[in-house]
Amino acid sequence: MNPPPPSFGYADVGVLKKYTCDAVIVGAGAGGGAVAKVLSEFGLNVLVIESGPKQSRFRPNYAHTAKYHMQEGGSMVAKGSTFMPIAAGKGIGGSTLINSALCFKAPDTVLNNWSGILKDERWSANELMPLFEQTARYIGVSKTPKSIAGKNNDLIVKGIKSLGYNGGLAPRSTPRCVGCGICYYGCPSGGKNSVNFNFLSDAHKAGCQIQAEVHITEIHTKTKNNKTYASGVAGKSIDPETGKATGRIEVEAQWVILSAGAIGTPRLLHQAGLSNLLGPAVGSGLHVHPGSTLIGISDEKIEMWKGATQGAYYHPPNMPGVLPHTFSAPPEACLVAGGFLGDSFQEGLSLLPHLCGMLAMVSDKGTGSVGVRSDGRAKISYHFAQDDVDRIKQGLVSVSKVLLSGGAKDLRAPIHGVGIINDPEELEKALKKTSIQDFTLYAAHPMASCRMGNTIEHSVTSSTGETHGCNNLIIADASVFPTSLGVNPQLSTMVSATNIALMLINRIEATQ
Ligand SMILES: Cc1cc2nc3c(=O)[nH]c(=O)nc-3n(C[C@H](O)[C@H](O)[C@H](O)COP(=O)(O)OP(=O)(O)OC[C@H]3O[C@@H](n4cnc5c(N)ncnc54)[C@H](O)[C@@H]3O)c2cc1C
């Protein structure tokens, strides 16, 4: 295992620090890490800037994680059809520090749709599959071992197998996982291959510098022959303890690469005043893979917060774009997900060790937008498509069959008006009477908010990741996906960012 790369922190910035480099990358997550490795190994002088802390600070405590490792202190919320918290990580590793490491290749149909939209074969399934295989090997993806799966996953796998569904223990990038079940707080054992242990570590070996604890707020441009070019970025260093700005950083670079994530990248473009230059698609078309949860009760002691986080999945028959997988969370969140609040809180406490759970996530047709507030925080809206709501409900009915077949009973959902369920048909009937406003929701897969496409009216970048409106300004993170993905996005983000970085190298080589 590689050690995480060293980085500079806020204290190294002083009042003003200036850098000059070939390429500056904003954001040290899945996309930023992948680009940093490719460009550094090619020989460019690369600087990665990350707003999160220089060193990971993991503790099994939500408030602690929210403060140090979640963007905007874990307080991002999408408003629109309803109220939906949106999670995104920060630190050297970005969201991969706090994700549950499920790894799926993008479906062929999705990639071929992208290459059709983009009229560019370099995004087709045929072209990209070798890169998916290579990246999955590089980050150590393998099927969750039974020895660390834990009883929640065991129960789910039993249900999947007894129904003959296609699924089982899930592929995850956790080669040294000990099954402690707290991926969302950051991996305390070093068992998860977040990008600080691979892409960023290898980028550093190839000469890449990393400046943490700096939040970028400006993108600089210059004009040459009536064309606008990106020329650098600037921002402020932040003390992670106090959240206060301590100094200023200015970077001059030939290539400015935004990998700040599908919330962070459009937030920065708006804040930097580039939305007019880059067109109306900046921040639009946001997808989030919304979903909901069912909690069951088993006679057996399960302790659903133990074992591989999200270690099982299946493809429900005849439900394209619905992907159920394990729901696992700290005990307090399990109680909320099961609706054990108010009158039923005491009951929830006594049942807690016996709870088990699974969620149904959908590839969404609904969309949202990302803007910026006057204080620099993201302004997020999201509107559900009725088809997505219908498929979440169908997914939950399918999940109820799996949980009941696995040995659970008395299913509950964090959905107003749905009581205790022991029969999938009862659930279907109860869900028919609900609307999306009755659901308690949560989304952790923001994407497609600065999508690739062919025109500035409908997209932000071309199929090379370069923005239509500003030369040498490139986006390489989950925001460039042209559509919703349908599977957990970290692997596809790494592959997309690598693809974009390889295209940049080809371009540089062609001009040498
Ligand atoms: C709780 C949770 C669980 C998840 N589980 C899974 C899973 O099991 N499997 C899966 O495939 N995916 C999962 N995901 C999603 C996956 O981690 C992301 O899709 C992926 O990391 C996106 O990569 P990215 O590069 O677009 O953004 P990120 O990885 O989020 O990186 C963006 C980085 O940019 C930094 N940044 C933002 N703005 C600025 C700025 N202005 N200046 C400097 N730095 C900035 C951020 O701090 C962050 O570190 C999960 C996500 C979360 C939050």
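This is a short tour of the ligand site and of one serine, Ser363.

Before you click: the model is predicted, with local features needing pLDDT of at least 70, side-chain atom pairs counting only at pLDDT 80 or more, and totals for chains, interfaces and linings using all residues. Residues are numbered from 1 along each chain as its sequence is written, and side-chain values use heavy atoms, with hydrogens and water left out.

Start with the ligand and select its shell (residues with a heavy atom within 4 Å of it). You should get 40 residues, with Gly31, Glu50, Ser95, Leu102 and Gln490 coming nearest. Colour them by class: 17 are nonpolar, 19 polar (Gly counts here) and 4 charged.

Now zoom in on the side chains. Glu50 puts a polar atom 2.6 Å from a ligand oxygen, and Ser95 has one 2.6 Å from a ligand oxygen too. Over at Arg267, a side-chain N or O atom sits 3.2 Å from a ligand nitrogen. Overall, the protein covers 97% of the 1,000 Å² of accessible area (Shrake-Rupley, 1.4 Å probe) that the ligand has on its own.

Switch to cartoon. Helices H1 (30-42), H8 (261-271) and H14 (490-511) and strand S9 (214-224) each supply at least two shell residues; S9 gives the most, with 3. Helices (H or I, at least four residues) and strands (E, at least two) are DSSP runs, numbered from the N terminus.

Last stop: Ser363, in the loop between strands S16 (355-362) and S17 (367-372). Is Ser363 buried or exposed? Buried, because its relative accessibility is 16% and the cut-off is under 20% (1.4 Å probe, protein chains only). Its side chain makes a polar contact (here, a donor-acceptor pair of N or O atoms within 3.5 Å) with the side chain of Ser484, at 3.4 Å.

Terms used: Buried means under 20% relative accessible area, exposed over 50%, partly exposed in between (1.4 Å probe, protein chains only).
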